[in-house]
Amino acid sequence: MTIKSAVSDRFNVPIQTLADLLEIKAQGATNSWPICELVCAMENWLPSVTVNGHKLQHDTFLGPFFALSAISDDSKEVVEKLYIKESIATNLKTMSASVEQQISSTRNDLVRIVKALLKCLSTRQRMMEYIAAVVSTNMARAKMRMDYKVCSSTGFMVNVLHVMQSLCSKVRVDSVDYYYHGNPESRVNFDKETRIAATEQQVTDWKQSLVEKELLKEIKFPTECFYLTADTHHVTLLPSIHLFKRNTKELHHINQAIKQIETQEKGTKQNVLLEKYRSRLKHVVMRQASLDSVLTESSFLSSSLSFYSNLAKWINTLLLGGEEADVRELPTTDEPPVDFTVLPEYFIDDMVDFVLFLAHFSPSTLDDPSLPHIVPLIVILLSKNGYLRNPYLYAKLVEIVFVMTPGIQRRQHSLLDQFQYHRLANNLATSLMRIYIDCEAMGGSNEFFDKFSIRYHISVILKKLWEVPSHRGAIIVASRSLSDNSRFVRFINMLINDTTFLLDESMDALKTIHQTQEALKDKELWNSQPRELQHSRLHQLDQDERMCRSYMTLANETVSVFHKLTKQIKEPFLRPEIIDRMSALLNYNLMKLCGPSNKGLIVKEPEKYGFDPKYLLSHLADIYLHLNSDEFARAVARDERAYRKEILEECCWNLTRTAMRSEEMIQELQQFNKCVYEYAVAAMKEDITFDDVPDEYKDPLMDTLMENPVRLPSGTIMERSVICRHLLSSETDPFSRQHLTVDMLEP
């Protein structure tokens, strides 16, 4: 049996007719729907051997009814309807939305069909078996690259999801059993699923404890409906969102390729390639329009958000040990509840991905009042260390807060206020510093870029939180820790590492860009070069520009964070393990900006790369003065590699010339430079050399005289400030690579 296409006339008649038939109740019977019983007794209701989702859709009785789709990949008729003489219709998106709207009204009849089969007691279990089979046979859809040959179509799954959302809308979360996914009688097998923070053995032990403590209950419809709805979202909504994002990237790639080919000399090869890309562009645009009409339909998004809000409320109750509205403080224990750790990870991951999708593609939906349940869950997970095992989940949670900060998106949200003023968010700022530190150990092939992306997000958020007195106070309190390995000291150490790297890479890229731009000015010399060399240099220029733009954006944020912190916090930056690194960072980058080689940083349209030398120069000068003290002046003077009196003088001259700072501030900087120079001259006059000092009195890493020696467990003796500086980045013995912490050092 087949159902007419969604663009055919009267396509909804068979579906509406089936719904009407199934609702016919036997006369004189209290609970008998004969057509329901007849349908479920058919051989093709649910074959005993259902290999995969594709066969389930095509071989079962309900399959054709649910296969109605507005997705171009699912229906040739949809493609033909939305194309006009092989060219893409100008109102393609409107036409796609029109088709989707027609299907949306028909989905009410699909809901009627399922509700009728559930209402009939003799067919309820068969209907639940069918829904469970849809989920279990389509788990492959949740993979990064699904095999369409073994999965149900996107349109089929979207229709099933609509039905499940309708059924679950009446479920009260306090009636949902937390132990369903550990019940051997559950219809969906969760054994292969990654858990939030539990190992495979811990899951096995948890299941055993459920049996021993007799916690397993009879499975009720609300619980089963709730879990199956979560699973249907997992195999439907999220794969569709990922496909939409991949399609968006492919659209950009194809348009860029076409643009590049059109600028080249015309030839047979170019014409063939151009036609290939244009043909592909039609299909990709069609898919994008049809996906957009489905995924951004307002009622669908609201229903999805409503479900995830209920899921968040359910998890919050588990984490907080009661109704979230009644809880005023975070859990005191650092160990998450076991029942939370064994939940499937995609319960959190899917929710976060969906909110991020809304933030980028349908931001108005985030004004929905459902979000107050999701906000506290994100706050709890960000604030409590160890509640999540996957660092990329932390990264996504951070990104949600990031995209809500002013200036990131055109549309302003009240959502950020919900985060920063939430009653459970007292230690949100210090928790973000912890995540900033912990992401150093992120794994994966893209870990290097992922790390800087997360830290950029955190830097932007911290700057915003600094404006809130309660969060600023929490950061200041954290900075007063006297521990050698306190979170704040480790945080600024990582911030120094990142700023050093980012500014170094950015300015090196600017020099390369400068050289290429200068070469392009001499057209005669440029045109005399081989065509291949020209293309190679232009390709390298494009790479350098993208890298410079990315790194400079990140560098500006880290410098801005330093600027805000040092204005009110000084002591941690003057610690022995930090002060020399901080002074070296400032001296080295000031030398690049004001030194003799600074002309190599002159490029066309520097704002295109996020390069604002006035901004950098003024902020570096401010940080010198924020930390102004005899101790810091001595540290600056000790930096023989980069400190030059004339460099700071040039800095003062530039500040005066551009009127970037007040005369009083410039005079203060001049006085600081004078003080530093005096310390540098005094050190040179002392002319202390350590050539005759025995090696046992020198630090083995820095070859400097030890003033505060400590013994490592391996027996090596080192200068305390040197080993503490090393431990801020890596808690290992630099010689034996064994685990090492500050409290293991012996005076």
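**Note on the predicted chain**

1. The chain exposes about 36100 Å², and carbon and sulfur atoms supply 50% of that area. The structure under review is a predicted model, and the points below should be read accordingly.

2. Overall composition. The secondary structure of the chain comes to 30 helices and 4 strands. Of its 747 residues, 52% count as buried. When contacts between residues at least 6 apart in sequence are considered, 76% join residues at least 24 apart.

3. Helices H10 and H11. Helix H10 spans residues 221-235 and helix H11 spans residues 237-262; the two pack at an angle of about 20°, with their axes 3 Å apart. Angles under 35 degrees count as roughly parallel, and H10 and H11 are therefore roughly parallel to each other. On the H10 side the contact is made by Thr232, His233, His234 and Val235, which meet Leu237, Leu238 and Pro239 in H11. By class, this contact of H10 with H11 has 4 nonpolar and 3 polar residues, and no charged ones.

4. Helix H30. How many of the 10 residues of helix H30 are buried? The count is 7 within residues 720-729, so H30 is largely enclosed by the rest of the structure. The buried residues are Ser721, Val722, Ile723, Cys724, Arg725, Leu727 and Leu728. An arginine, Arg725, is thus listed among the buried residues of H30. The cover over these buried residues includes two helices, H22 (487-521) and H25, together with strand S3 (709-711) and strand S4 (717-719).

5. Backbone at Glu605. Although Glu605 is not a glycine, it has a positive phi of about 50°. Glu605 is found in the loop between helix H25 (576-594) and helix H26 (613-626). Is Glu605 buried, partly exposed or exposed? With 48% relative accessibility, Glu605 counts as partly exposed, since the exposed class requires over 50%.

6. Backbone at Ala659. A positive phi in a residue other than glycine also occurs at Ala659, where the value is near 55°. Ala659 lies in the loop between helix H28 (645-658) and helix H29 (663-686). Its relative accessible area is 63%, and Ala659 is therefore exposed.

7. Points for inspection in the model. The reader may wish to view the contact of H10 with H11, where Val235 and Leu237 are among the residues that meet. A further item is the cover of H30, which includes H22 and H25. The loop that holds Glu605 and the loop that holds Ala659 complete the list.

Definitions and conventions: Residues numbered from 1 in each chain as written. Predicted model: local features only at pLDDT ≥ 70, side-chain atom pairs only at ≥ 80, totals over all residues. Heavy atoms only, no water. Axes fitted to C-alpha atoms, helices over the stretch in contact; angles between N-to-C directions. Parallel < 35°, antiparallel > 145°, perpendicular 65-115°, else oblique. Contact = heavy atoms within 4.5 Å. Nonpolar A, V, L, I, M, F, W, Y, C, P; charged D, E, K, R; others polar. Buried < 20%, exposed > 50% of the residue type's maximum accessible area, 1.4 Å probe, protein only. Areas by Shrake-Rupley, 256 points an atom, 1.4 Å probe, with all protein chains shown as cover.
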